[in-house]
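Ready for some practice with a protein model? Work through each exercise with the structure in view, then compare your steps with the solution.

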Amino acid sequence: MEAARTEKTVLVFAHSSFTGLRNCSPDSAAVQAIFREANAIRPNTVVLAMNGHYHTNHFEILDDVAFFDVNAALFGYWSPTVQEHYSGGYPFIDYDSNGRVLSTGTYPWNETYGGLHGWYFREPL
């Protein structure tokens, strides 16, 4: 609500959609309520909610907020011309229930879901 009171425009970027359609975020109804409340204070405070979870292109307007599913890169549709899979890995830190660091390490890219089933590119498609 602070954005509405201070006359700021809000763009929301999330992994999953908040539309309430398909397999969206489980808290989509609560998030939509926040959007409506902010826009009731000042119209057009929340103008866009963008996500990429579905790897499709979809656009709709609900309660004066634009919801945009962005197709970044569909797995399997973009084939590299040279077989160059991943080296290195994803750094991680394990914590205990009190927030103390237990260990650090690197998880190999090729063992992640994306590493096994997708391709990443250095340049935009």
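**Exercise 1. Find what covers the buried residues of helix H2, and which residues these are.**

Step 1. Start with the cover: the buried residues of H2 are covered by elements including helix H1 (2-5), strand S1 (10-14), strand S2 (46-51), strand S3 (58-62) and strand S4 (65-69). Helices (H or I, at least four residues) and strands (E, at least two) are DSSP runs, numbered from the N terminus. The model is predicted, so local features need pLDDT of at least 70 and side-chain atom pairs count only at pLDDT 80 or more, while totals for chains, interfaces and linings use all residues. Residues are numbered from 1 along each chain as its sequence is written, and side-chain values use heavy atoms, with hydrogens and water left out.

Step 2. Now list the residues: Ser 28, Val 31, Gln 32, Phe 35, Ala 38 and Asn 39 are buried in H2. Buried means under 20% relative accessible area, exposed over 50%, and partly exposed in between (1.4 Å probe, protein chains only).

Step 3. These buried residues cover an arc of only 125° around the axis, which puts them on the same side of H2. The arc is that of the directions from the helix axis to the C-beta atoms.

Step 4. Turn to the other side of H2, where Ala 29 and Ala 40 are exposed.

**Exercise 2. Check whether the span of helix H2 agrees or disagrees with its number of residues.**

Step 1. The expected span of a helix is 1.5 Å times one less than its number of residues.

Step 2. Helix H2 (residues 28-41) has 14 residues, so it should span 20 Å. Its end C-alpha atoms are 20 Å apart, which agrees.

**Exercise 3. Describe the aromatic pairs that involve Phe 35.**

Step 1. A pair of aromatic rings is described by the distance of the centres and the angle of the planes. Rings of Phe, Tyr and Trp (its six-membered ring) pair if their centres lie within 6.5 Å; planes under 30 degrees apart count as stacked, over 60 as edge-to-face and the rest as tilted.

Step 2. The structure holds three aromatic pairs. In one of them, the ring centres of Phe 18 and Phe 35 are 6.4 Å apart and the planes stand at 90°, so this pair is edge-to-face. The pair links distant parts of the chain, with Phe 18 in the loop between S1 and H2 and Phe 35 in helix H2, 17 residues apart.

Step 3. Phe 35 also pairs with Phe 67, and this pair is tilted, with 6.3 Å centre to centre and 35° between the planes. Here Phe 35 in helix H2 is linked to Phe 67 in strand S4, 32 residues apart.

Step 4. Put the rings together: Phe 18, Phe 35 and Phe 67 form one aromatic cluster.

**Exercise 4. Which residues make up the largest nonpolar core, and which element gives the most to this core?**

Step 1. A nonpolar core is a set of buried Ala, Val, Leu, Ile, Met, Phe, Trp, Tyr and Cys residues joined through side-chain atoms within 4.5 Å.

Step 2. The largest one has 10 residues: Ala 4, Val 12, Phe 18, Val 31, Phe 35, Ala 38, Val 46, Ala 49, Val 65 and Phe 67.

Step 3. H2, S2 and S4 are the elements that give two or more residues to this core. H2 gives the most, with three residues.

**Exercise 5. Place Thr 106 and name its contacts.**

Step 1. Thr 106 sits in strand S6 (residues 101-108).

Step 2. Contact means heavy atoms within 4.5 Å. Leaving aside neighbours within four places in sequence, Thr 106 is in contact with Gly 89, Tyr 90, Pro 91 and Phe 92.
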